[in-house]
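Work through the exercises below with the sequence and the 3D model open beside you. Try each task on your own before you read its solution.

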Amino acid sequence: MSQLPRVVILATGGTIAGASANPASSARYQAATVPVTTLLAAVPALQSVARVEAEQVAQVDSKDMVFSLWSTLAARVQYWSVQPDVAGIVITHGTDTLEETAMFLQLTQACPVPVVLTAAMRPSTSLSADGPLNLLDAVRVAAHPDACGKGVLVVLNQQIHAARDVVKAHTSAVDAFVSVPCGPLGFVQDELVRIARAPVRSGMAPLPVPQHWPDVEIIASYAQPGRIVVDALVGAGVRGLVIAAAGNGSVHETLVAALRDAVAAGVAVVRSSRTGAGHVAIPPVVDPVCGTFVSAADLNPYKARVLLLLALAQDPGLASDPERLQGLFASS
Ligand code: SIN
């Protein structure tokens, strides 16, 4: 009989590793407390899917994610993905910032084997915990040949998402994760793993994991904003700003003035949209004066920030070359 595929689980914490004294509560619990060995023991069915081994890389609530943990995670993914008999890697993560970590890994990892993030909306002690099935499904996807060459994937609630597209869109529902604009890549139902399409724009060469991370922040455009935040950030030496702009990337005139000064001071400025879906026009349809600011295409502000961080870390000169930076956002 042929051996089961070998799948490595890298555990980082989150609600999937959360615990509560009250199993009837799905909202009051402590995230990132249960060790990965306990999570695996709760899913005996894993033994018939893969030879699973696990590494506790961290134990954090993902709201507290830091660049050093991203770097460690990237190093562990790189290490395991070239071990001769590893078929795939699963990363357990908190849901709150999963979309940022998934984007970081998508942009930095070559993924010679499938890399699949999973999580849970309910703690492991909940009456109806979603973590065990999500973990089993993630291992099924990581071990499946059709998952190869699809970039970094995210598996929750029986759906398979592309890292670039997936966002958390609900505070508490088990179907909190959606993919914009085209929906998930596929689904898992018991042994059936069906990937119906390839991710959009997954052909970009991996960017290096930074040794030094530039300061890149997110600001928003809304009714009567002040310029105080932009001016303070530029004064503090920020290298890049992502704007959660209104509608189709429109920015309040007060902010436009402050951001033009920021560009003149050598800061990269990228317009994303706060709407949650859609493409930010190049140049802006309503306010052509914003054309000096790069469009994030269809990346939300958090994903756009990840790309800007990595791009500026690799090439600080991009801050004063909006055309090249625009090319990167258009092709990422
Ligand atoms: C976290 O993001 O670590 C806590 C929340 C969650 O996983 O749902």
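**Exercise 1. Find the element that holds Thr108, and decide whether Thr108 is buried or exposed.**

Thr108 lies in helix H3, where helices (H or I, at least four residues) and strands (E, at least two) are DSSP runs, numbered from the N terminus. The model is a predicted one, in which local features need pLDDT of at least 70, side-chain atom pairs count only at pLDDT 80 or more, and totals for chains, interfaces and linings use all residues. Residues are numbered from 1 along each chain as its sequence is written, and side-chain values use heavy atoms, with hydrogens and water left out.

For the second step, take the relative accessibility of Thr108, which is 6%, so that Thr108 counts as buried; buried means under 20% relative accessible area, exposed over 50%, and partly exposed in between, with a 1.4 Å probe and protein chains only. As a last step, go from Thr108 to Pro44, which is 64 residues away in sequence and 33 Å away in space, C-alpha to C-alpha.

**Exercise 2. Compare Cys111 and Pro112: which loop holds them, and is each one buried or exposed?**

Start with the location: Cys111 is in the loop between H3 and S4, and Pro112 lies in the loop between helix H3 (98-108) and strand S4 (115-118). Next, look at accessibility: Cys111 has a relative accessible area of 13% and is therefore buried, whereas Pro112 reaches 53% and therefore counts as exposed. Then turn to the backbone, where phi of Cys111 is near 55°, a positive value in a residue other than glycine. Finally, the C-alpha atom of Pro112 is separated by 7.3 Å from that of Gly149, 37 residues apart along the chain.

**Exercise 3. What is the phi of Ala32, and what is the form of the peptide bond from Val180 to Pro181?**

Begin with the general background: most residues other than glycine have a negative phi, and most peptide bonds are trans. Ala32, in the loop between strand S1 (6-13) and helix H1 (36-41), has a positive phi, near 55°. Because its relative accessibility is 12%, Ala32 counts as buried. The second part concerns the bond from Val180 to Pro181, which is cis, with omega near 5°. Pro181 itself is placed in the loop between strand S8 (177-179) and strand S9 (186-189).

**Exercise 4. Describe the surroundings of the ligand, and state which residues its oxygen atoms approach.**

The first step is to list the shell: Gly14, Thr15, Asp61, Ser62, Gly94, Thr95, Asp96 and Ala120 surround the ligand, a residue being near a molecule if one of its heavy atoms lies within 4 Å of it. This shell divides into one nonpolar, five polar and two charged residues.

The second step is to look at the distances. An oxygen atom of the ligand is 3.2 Å from an N or O atom in the side chain of Asp61, while for Asp96 the distance from a ligand oxygen to a polar backbone atom is 3.0 Å, and for a polar backbone atom of Ala120 it is 3.4 Å. The third step considers cover: taken alone, the ligand exposes 250 Å², and the protein buries 95% of that, with areas from the Shrake-Rupley method and a 1.4 Å probe.

**Exercise 5. Which residues does the side chain of Asn300 contact, and where does Asn300 lie?**

Asn300 is placed in the loop between strand S14 (294-295) and helix H7 (301-314), and since its relative accessibility is 15%, Asn300 counts as buried. Its side chain makes a polar contact with the side chain of Glu99 (2.9 Å); such a contact is a pair of N or O atoms within 3.5 Å, and within protein one must be able to donate a hydrogen and the other to accept it, while residues adjacent in sequence count only if both atoms are side-chain atoms. In addition, a polar atom of the Asn300 side chain lies 3.0 Å from the backbone nitrogen of Tyr302.

Methods. Nonpolar A, V, L, I, M, F, W, Y, C, P; charged D, E, K, R; others polar.
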